[in-house]
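Trainee: Can you take me through this one? I want the reasoning behind each term.

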Amino acid sequence: MGFLSNGPSRDGALRWYAIHVPEGREDAVAGKCRQLLASDLVEDCFVPKYERYMKYEGAWRIVVHPMFSEYVFVATRDVRALSKALGQLSFPVSLVGRRDRSYAPLSSAVQTWLESALDDAHVLRASEGRIEGGVLRVERGPLRGCEGRVRKINRHKRMAYLRFDEGGDGDCVLQAALNVPVKN
């Protein structure tokens, strides 16, 4: 659970909280939550996704996958009221990251980065770059300017792995599509 914060959020701050759902039901649960939860309580309910290169019949295609399998994120300022509202739904969902009497939101570093990198559909789009002299340079896409976060690149799968150090045991690694056709 490296993507969660080490402590509770400050009251009144808009934070993202994870809800655990059955795998493959992320979009359906997010849609139901958007319909059933009060708009003054929930500012957004979504499944963050990322583009991924897949090779089908010899051709590379971009497909969209959930970034966090089995999780839906809810943006709220009042996690206690959210917890109570989720308990009243007719289908089973549960907030993740209970610590004592509070819930841990998504790590602030990860939330801030995702807010800037995801598009309006909550999708992390593919990036493109090159490696020159052993140094990664992202030329297009949301990873531009974030080269310092790239921990590893798999050029064969066209994938980058980004690290967010949270200190202690809270270390988060996110996947992102990165095409690097040129390496000098």
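**Sheet and cores**

Mentor: Start with the sheet. It is open, has 4 strands in the order 2-5-1-6, and pairs in the antiparallel sense. Keep in mind that this is a predicted model.

Trainee: What makes strand 2 and strand 6 edge strands?

Mentor: Count partners. Strand 2 (42-46) and strand 6 (94-95) each have a single partner strand, so one side of each lacks a neighbour in the sheet.

Trainee: How do you know that strand 2 and strand 5 pair?

Mentor: Pairing takes at least two bridges. Strand 2 and strand 5 (residues 71-76) share 4 bridges, in the antiparallel sense. So they count as paired. Within strand 5, Thr76 is the bridge partner of Val42.

Trainee: Which helix lies across these two strands?

Mentor: Helix 1 (residues 26-36) does, running at about 160 degrees to strand 2.

Trainee: Which residues touch the most other members of the largest nonpolar core?

Mentor: Trp113, Leu114 and Leu174, out of 32 residues. At least two residues of this core come from each of strand 1 (15-20), strand 5, helix 3 (108-117), strand 11 (135-140), strand 13 (159-165) and strand 14 (171-183). Strand 14 gives the largest share, 5 residues.

Trainee: What is Leu114 in contact with, leaving aside neighbours within four places in sequence?

Mentor: Trp16, Met67, Phe68, Leu106 and Leu174. Contact here means heavy atoms within 4.5 Å.

Trainee: Which residues belong to the other core?

Mentor: That core has 22 residues and lies apart from the largest one. Val29, Val42, Ala85 and Tyr103 are among them.

Notes. Residues numbered from 1 in each chain as written. Predicted model: local features only at pLDDT ≥ 70, side-chain atom pairs only at ≥ 80, totals over all residues. Heavy atoms only, no water. Axes fitted to C-alpha atoms, helices over the stretch in contact; angles between N-to-C directions. Core = buried A, V, L, I, M, F, W, Y, C linked by side-chain atoms within 4.5 Å. Buried < 20%, exposed > 50% of the residue type's maximum accessible area, 1.4 Å probe, protein only.
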